[in-house]
Amino acid sequence: MKIYIHYESEPEETVIIQPIQSGIETVEQLKTYFLNEYKNKHPNSTIGDSIDLKDKKGKTLFDSYSITKYFSNLDDGFIIKGNTSPTLNSKTVKTTTITTIPTTTTTTTTTTTNSITVTKQLNTTKNNNSNIDKPKLKGVDEQRYNGVVKPLLEQAERFHSNQQFKNSISYYENVLSMMPNEKTSLLRCSNIYFNAKRWKEAEIMIEKGIKYYPEDIEFHDLRANLKISTLEYTEALKSLKIIMDILTPSHSKYEEYQAIYGKTLYDTRIPRLQQEACDILTSTVHKNEKNIQALIGFTHVLIEKGQLKDAVQAVLQLLGTLPEINKKTQKTKFLPLSGETIVLNDPWQKERKWTQEKISDLIKLLGVDAIVGGFNAHAVTPQLMAFLSNYVKEFGAVNESIELIKRSSLKEPHHTLYRLSLIHALEVTQDYGTAIEFALDFLRNNKQRGLSQYSDVNCGTILSIFEKHLKSSPSYKHIYEKQSFKLDGESIKVSQDILTVSPDLPTPIPYTQDELDIMGLWFATSKVCYASGILEPLPELIALLEKTRVGRDLHMTSSRNENAYFCCISTLMPYKSLPLPKYRPIYIAGDSHCFSTAWTPLTIQGEQRLFHPLLVTGLKMWHLRPSSKFYPKVNFYNVVPTAPPGSEIVFQFGEIDCREGIIISVERCRYKDVEEGMNVTIDYYISALKDLVDKYKYKIFIHPVVPVLNETRHIVKEFNKIFEKKIKSCKEFVWLDFFPTLLNPQDENSFNTQYALDGTHMNPSYVPLIENCINNHYNQQLSSRLIK
């Protein structure tokens, strides 16, 4: 939803406001947002602070009403100077409603070091306007504070609670321009810039905080962590010493800071100070074995010294010491832009991540048994191994994750989620054959389990479909040997009828969690078959399962990801002819978008070829940066090198970066704007692909990001402009120059629907665009050689 707010006096201005993304709900909030934007652009204007808002009919709007009462998408509103905002009729409500701050109890502000994390609680506003700090400053009287500063702070806090830091920080800085010592604004800006690794801006705000609040440990804590992050350990020690002097040894937090001081001493790499650090950490751990910062420091030193077996014991003690998350009191927030759910009130979130990363590193170095052996024997259950499998996978310990979840699944062969997790883990290593075998094994052991509303839809039925088309012998050496016996038969086009569902379906009954889990396993098995070229079972499988999805919001369930892939495959199969031809492969590496072209024939320089997919689920370009350990990066380096050296590969990544990664990073102030985010992201991608060319001599073609989604098309267009320019400056790559064709010829701001599939992906009819670009490239090469 967009609203155009106009001010028609001098200087004129129109502000485009997206209320949902900006957290704006009421007319008063919208007016405050407009004033802030207007004054930033026109600092010398005389608009003042008292304004009214009128709709397109000229009606003055109530401050406390929701903007949805007055505005629809693309409506206009008009700002006029004055102080005539209407108040609500006293018969309607007892009191006039004023702008309030969303209810929150405590906002957790976490400062992060390169290995130690320190968490402080900032008491922020509740539904009580008096809770915002109101420092007394000359020139800012009560009336100006209540009329100007307080509304700005309230709007800033709303943005902050929605993780929209870019918006919030403009308001905080506006407040600081009027009240330089406003503490909430100083703390928020310091934390936002620090977490965004914008060290210079963070240091400026932190130093201001120390200037105005020299006895407040929060600003000294931030400075210490900043200096640790920039490897200025001597400066960090100074700040930590100040904190300990302020606290004194009797304070409950003193020993935590003493432990952080000890770890920072060790990181100076000065032998004399390192010995002192070891003495401090040993002393603090022995004094209080539940001192989390001491355990972190102690573990860190053991790893640095190469005492890895001792480090395992220390880090597992740390894992057991971290307080459990209380599910009853846990507060979470769903962020619609990124699709992620964040925990708002976990004061140990950063420490948990540090512990998780270290356990993942150690299990990669020492193996599964070294970690599992650190637990008491009676505690080593399938549940524990499943937990550890998921726990270490996030930081790239994929092989170890597979081993752990395999042990869980073999112990409990009827546990659906263990088997589903195993299938997904095997995807990451592209071990599709083993994934299929484990899926079929589960179906054999659970034939009667299925959907209660459909007697013909169960594991036994699904198994019979697969067994019609797959060889029964498990002695194959390569995944493609598991294809149908009909490999040499005449190709027949898959019928569109597989998507036809009877109109006489029963009224949908909500699925149980067990049914959703089983459906997830069926869908995931279909995905693995498609990725590996085993397409023969899929038409019958789709025809059976399509009715189970009708009238149900499976995209809102725990099986949403598996359902999304199955939906994509279902709509793609009528474009296929089976069996697949045995043409020489050309590869397409990508996220789910590579399925659109997968197993589609094309002709390159007169030779018939077949697109083979190199699927990397969920990969962002950003994941390929050197510091990343996230498992999609491991997936990328497991899958892409399966293409033989010298292969031709079309690379198709970047859609997820445009959909969420870059926008979210800008909102969180990691980049100053979208353009900077795009440049950084593309540079990481290009660097990774150059390494592949150097190592494997691949011939790489670069696919533009597809513009299917209405919500992100404007971002995709800008991204592709930068992307194309950078790729064309690299001799190693060939840009596939067909992006304009994907846009509507009559309206370049909309998608060319001739290539539409399911609302997210494109259909294979666009493959000739790729074919033409590749052939044009080879023809140009040939012409150049002839001229020479």
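## The cores

A nonpolar core here is a set of buried Ala, Val, Leu, Ile, Met, Phe, Trp, Tyr and Cys residues joined through side-chain atoms within 4.5 Å. With that in hand, and keeping in mind that this is a predicted model, we can start with the packing. The largest nonpolar core has 131 residues. W522, Y530, M573, F595, F636 and F651 are the ones with the most contacts inside it. Helix α20 supplies the largest share of this core, eleven residues. There is also a second, separate core of 51 residues, and I67, L153, A156 and L186 are among its members. As a general backdrop, nonpolar side chains in soluble globular proteins tend to be buried together.

What does F595 touch once its neighbours within four places in sequence are set aside? Its contacts are K527, Y530, A531, Y565, C568, I569, L572 and L615. Y530 turns up here as a partner of F595, and Y530 is also listed with F595 among the residues with the most contacts inside the largest core.

## The six-stranded sheet

One open sheet has six strands in the order β12-β13-β11-β14-β15-β16, and its pairing is mixed. The edges belong to β12 (601-604) and β16, each with a single partner strand, so one side of each has no neighbour in the sheet. On average, neighbouring strands of this sheet are turned by 35° against each other, direction ignored. In general, strands of a sheet pair through backbone hydrogen bonds, either parallel or antiparallel.

Let's walk along it. Strands β12 and β13 run antiparallel and are joined by four bridges, with T603 standing opposite Q608 in β13. The two strands form a hairpin with two residues between them, and Q605 in the turn has a positive phi of about 50°. Next, seven bridges join β11 (residues 584-590) to β13, and this pair runs parallel. Here G590 has L615 in β13 as its bridge partner; L615 is also one of the contacts of F595.

Further along, β14 (residues 648-652) and β15 (residues 699-702) pair in the parallel sense over four bridges, and E648 has K699 in β15 as its bridge partner. Three bridges then join β15 to β16 (residues 733-735), again running parallel, with F701 opposite V734 in β16. Add helix α27 (residues 713-728) and you get a right-handed β-α-β unit made of β15, α27 and β16.

## Edge strand β12 and residue E607

In a regular strand the side chains alternate between the two faces of the sheet. Strand β12 shows this pattern: L602 and I604 point to one face and are buried, while P601 and T603 point to the other and are not.

Now for E607, which sits in strand β13 (residues 607-615). Is E607 buried, partly exposed or exposed? Its relative accessibility is 30%, and because the partly exposed class runs between 20% and 50%, E607 counts as partly exposed. Not counting residues up to four places away in sequence, E607 touches R584 and L602. The C-alpha atoms of E607 and Y583 are separated by 8.8 Å, with the two residues 24 apart along the chain.

## The four-stranded sheet

A four-stranded open sheet has the order β2-β1-β4-β3, also with mixed pairing. Strands β2 (13-17) and β3 (51-54) are its edges, each pairing on one side only. Neighbouring strands of this sheet are turned by 25° against each other on average, direction ignored. Strand β1 (residues 3-7) and β2 run antiparallel and share five bridges, and Y7 stands opposite E13 in β2.

## Helix α17

How far apart are the end C-alpha atoms of α17 (residues 416-428)? They are 19 Å apart, and at 1.5 Å a residue the 13 residues should span 18 Å, which agrees. Right after the helix comes Q430, whose phi is positive, near 55°.

Ten of the 13 residues of α17 are buried, so the helix is largely enclosed by the rest of the structure. The buried ones are T416, Y418, R419, L420, L422, I423, A425, L426, E427 and V428, a list that includes the charged-type names R419 and E427. The cover over these buried residues includes α15 (382-393), α16 (398-411), α18 (432-445), α20 (513-531), α22 (560-572) and α24 (631-639). One of these, α20, is the helix that gives eleven residues to the largest core.

Terms used. Residues are numbered from 1 along each chain as its sequence is written. This is a predicted model: local features need pLDDT of at least 70, side-chain atom pairs count only at pLDDT 80 or more; totals for chains, interfaces and linings use all residues. Side-chain values use heavy atoms; hydrogens and water are left out. Two strands pair if DSSP finds at least two bridges between them. Axes are lines fitted to C-alpha atoms, for helices over the stretch in contact, and angles run from 0 to 180 degrees between N-to-C directions. The expected span of a helix is 1.5 Å times one less than its number of residues. Buried means under 20% relative accessible area, exposed over 50%, partly exposed in between (1.4 Å probe, protein chains only). Contact means heavy atoms within 4.5 Å. A crossover is right-handed if, with the strands pointing away from the viewer, the path from the first strand over the helix to the second runs clockwise.
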